[in-house]
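Dear colleague,

Please find the structure below, handed over for your examination. A summary of the findings follows it.

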Amino acid sequence: MKPNHGGSSFHTYKVNDKKEFSEFFNETRKDLEDDILIQEFIVGDEYSVPIVGGKVLPIMKVEKNDIQDFFDYDSKYESEEKMKETFPVIEKELKNNLESISLRIYNYF
């Protein structure tokens, strides 16, 4: 659950049950005048593909340093102990897909 605008995991929550949904929904609604998006939680690795001037730079992988399974705002920006960005060796097919999709998005905008 997250606001429709704002990004960067501000007011973004992983909801596990109806009780948490109500709690987070009410908290988010009182702080924001924005629509709320409800999305399926997808388990997987998180990569950042920087592009400058149409050129793809080295791909970064976001890795967590604790048992938390979700990157909320605090994890990403307030605590250097909870996550880090690395420059991993990436399988060629995945690297090509990440670069290709990212460039299509970049060129679209």
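**Aromatic pairs and overall architecture**

Tyr108 is exposed, as its relative accessible area is 70%. The model under discussion is a predicted one. Phe109 is likewise exposed, with a relative accessible area of 79%.

The search for aromatic pairs covered the whole structure and returned three of them. In one, the ring centres of Phe21 and Phe25 are 5.7 Å apart and the planes meet at 15 degrees, so this pair is stacked. Both residues belong to helix 1 (residues 18-31), where they are four residues apart, about one turn of the helix. Phe21 counts as partly exposed, at 34% relative accessibility, and Phe25 is also partly exposed, with a relative accessible area of 32%.

Tyr108 and Phe109 form another pair: their ring centres lie 5.1 Å apart with the planes at 85 degrees, so the arrangement is edge-to-face.

A charged residue also meets a ring: Lys14 lies over the face of Phe41, at 4.4 Å from the ring centre.

As to the fold, the protein contains three helices and seven strands, and its elements follow the order β-α-β-β-β-β-β-α-β-α from the N terminus. Of the 109 residues in the protein, 26% are buried. Among contacts between residues at least 6 apart in sequence, 47% join residues at least 24 apart. The accessible surface of the protein is about 8400 Å², and carbon and sulfur atoms account for 51% of that surface.

With kind regards

Key: Residues numbered from 1 in each chain as written. Predicted model: local features only at pLDDT ≥ 70, side-chain atom pairs only at ≥ 80, totals over all residues. Heavy atoms only, no water. Phe/Tyr/Trp six-rings, centres within 6.5 Å; stacked < 30°, edge-to-face > 60°. Helix = DSSP H or I, 4+ residues; strand = E, 2+ residues; numbered from the N terminus. Buried < 20%, exposed > 50% of the residue type's maximum accessible area, 1.4 Å probe, protein only. Lys NZ or Arg CZ within 6 Å of the ring centre and 35° of its normal. Contact = heavy atoms within 4.5 Å. Areas by Shrake-Rupley, 256 points an atom, 1.4 Å probe, with all protein chains shown as cover.
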